[in-house]
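Thanks for making time. I'll take you through one structure today, starting with the overall fold and then moving to the details.

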Amino acid sequence: MSNRSRPSKPWYSKGLRFQCTTCGNCCRNHGEYSYVYLAPLDVVRIADYLGLPPRRFVDQYCLLEDGWVTLRMDAPACAFLQEDNRCAIYPVRPKQCATWPFWEENLERATWEGAVTECCPGIGKGPLTPAAEVERIARETEEWYGEE
Ligand code: SF4
Ligand code: SF4
């Protein structure tokens, strides 16, 4: 008889609830979540959407941080946050904006229930995203930034 234990389920095995309330918090400069990283394809897509050459877009809207291109968030918000808290580049917003809050680093229970919940009032609201989909989104985000 096999004595193998079943693989342990993640703490979020029943899924996670999230629905954006469009509060705009995550688009403002606030400590831990004040960096929006851009992969090379983000730079090309956003520059194209704005009708700018990529170099000009980077000079105007970005900073270089440890070898990464990041959006400037010192105005005191992202330059693309509009008065109604919507994103002016929504169709081509950076991958990390599109996949928040389902990032690998946020899937630690303490992080999810701590910093993520404190930053984002959409946590715990809205429809349940199944665990498999949460993990697919987290993987997609890692791959986009070349982390896997
Ligand atoms: S902090 Fe959360 S609820 Fe607020 S805009 Fe960002 S994703 Fe939406
Ligand atoms: S690009 Fe859009 S979604 Fe991302 S931080 Fe800026 S305003 Fe927010």
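Among contacts in the protein between residues at least 6 apart in sequence, 72% link residues at least 24 apart. Keep in mind that this is a predicted model. Of its 148 residues, 18% count as buried. The C-alpha atoms occupy a box of roughly 65 × 30 × 25 Å along the principal axes.

Now the secondary structure. There are five helices and five strands. Reading from the N terminus, the order is β-β-α-α-β-β-α-α-β-α.

Next, the sheet. How are the three strands of the open sheet ordered? The order is S2-S4-S3, with antiparallel pairing. S2 and S3, residues 62-65, are at the edges with a single partner strand each, so each has one side without a neighbour in the sheet. Between S2 and S4, residues 68-71, the antiparallel pairing runs over two bridges. In that region Leu 38 sits opposite Val 69 of S4.

On to the two ligands. The shell around ligand 1 consists of Cys 20, Thr 21, Thr 22, Cys 23, Gly 24, Asn 25, Cys 26, Trp 100, Cys 119, Cys 120, Pro 121 and Gly 122. By class, that shell has seven nonpolar residues, five polar and no charged.

Ligand 2 is surrounded by residues including Cys 27, Cys 78, Cys 87 and Cys 97. Val 36, Leu 71, Phe 80, Leu 81, Ile 89, Arg 93 and Pro 94 are also in its shell. Which classes make up the shell of ligand 2? It divides into 10 nonpolar residues, no polar and one charged.

Let me go back to some members of the first shell. Gly 24 surrounds ligand 1 along with the others I listed, and it is in the loop between S1, residues 16-18, and S2, residues 37-38. Is Gly 24 buried or exposed? Neither label fits: Gly 24 has 17 other C-beta atoms within 10 Å, so it is partly exposed. Setting aside neighbours within four places in sequence, Gly 24 contacts Leu 81 and Asn 85. Leu 81 is one of the residues around ligand 2. For a longer separation along the chain, take Gly 24 and Gly 124: they are 100 residues apart, and their C-alpha atoms are separated by 17 Å.

Thr 22 is in the loop between S1 and S2. Its phi is positive, about 55°, although it is not a glycine. Thr 22 has 13 C-beta neighbours inside 10 Å and therefore counts as partly exposed.

Asn 85, the contact of Gly 24, also has a positive phi, about 70°, and is not a glycine. Asn 85 belongs to the loop between S4 and H3. With 15 C-beta neighbours inside 10 Å, Asn 85 is partly exposed.

Another backbone point concerns Trp 100, which is in the shell of ligand 1. The peptide bond joining Trp 100 and Pro 101 is cis, with omega about 0°. Pro 101 is in the loop between H3, residues 95-99, and H4, residues 109-119.

Last, helix H5, residues 131-144. What span should its 14 residues have? At 1.5 Å a residue the expected value is 20 Å, and the end C-alpha atoms are 20 Å apart, so the two agree. After H5 comes Gly 146, with a positive phi near 70°.

That is the end of my part; I'm happy to go back to any region on the screen.

Methods: Residues are numbered from 1 along each chain as its sequence is written. Chains are lettered from A and ligands numbered from 1 in the order in which they are written. This is a predicted model: local features need pLDDT of at least 70, side-chain atom pairs count only at pLDDT 80 or more; totals for chains, interfaces and linings use all residues. A residue is near a molecule or strand if its C-beta atom, placed from the backbone, lies within 6 Å of it. Ala, Val, Leu, Ile, Met, Phe, Trp, Tyr, Cys and Pro count as nonpolar, Asp, Glu, Lys and Arg as charged, and the others, Gly among them, as polar. Helices (H or I, at least four residues) and strands (E, at least two) are DSSP runs, numbered from the N terminus. A residue is buried if 20 or more other C-beta atoms lie within 10 Å of its own, exposed if 12 or fewer, and partly exposed in between; C-beta atoms are placed from the backbone. Two residues are in contact if their C-beta atoms, placed from the backbone, lie within 7 Å. The expected span of a helix is 1.5 Å times one less than its number of residues. Two strands pair if DSSP finds at least two bridges between them.
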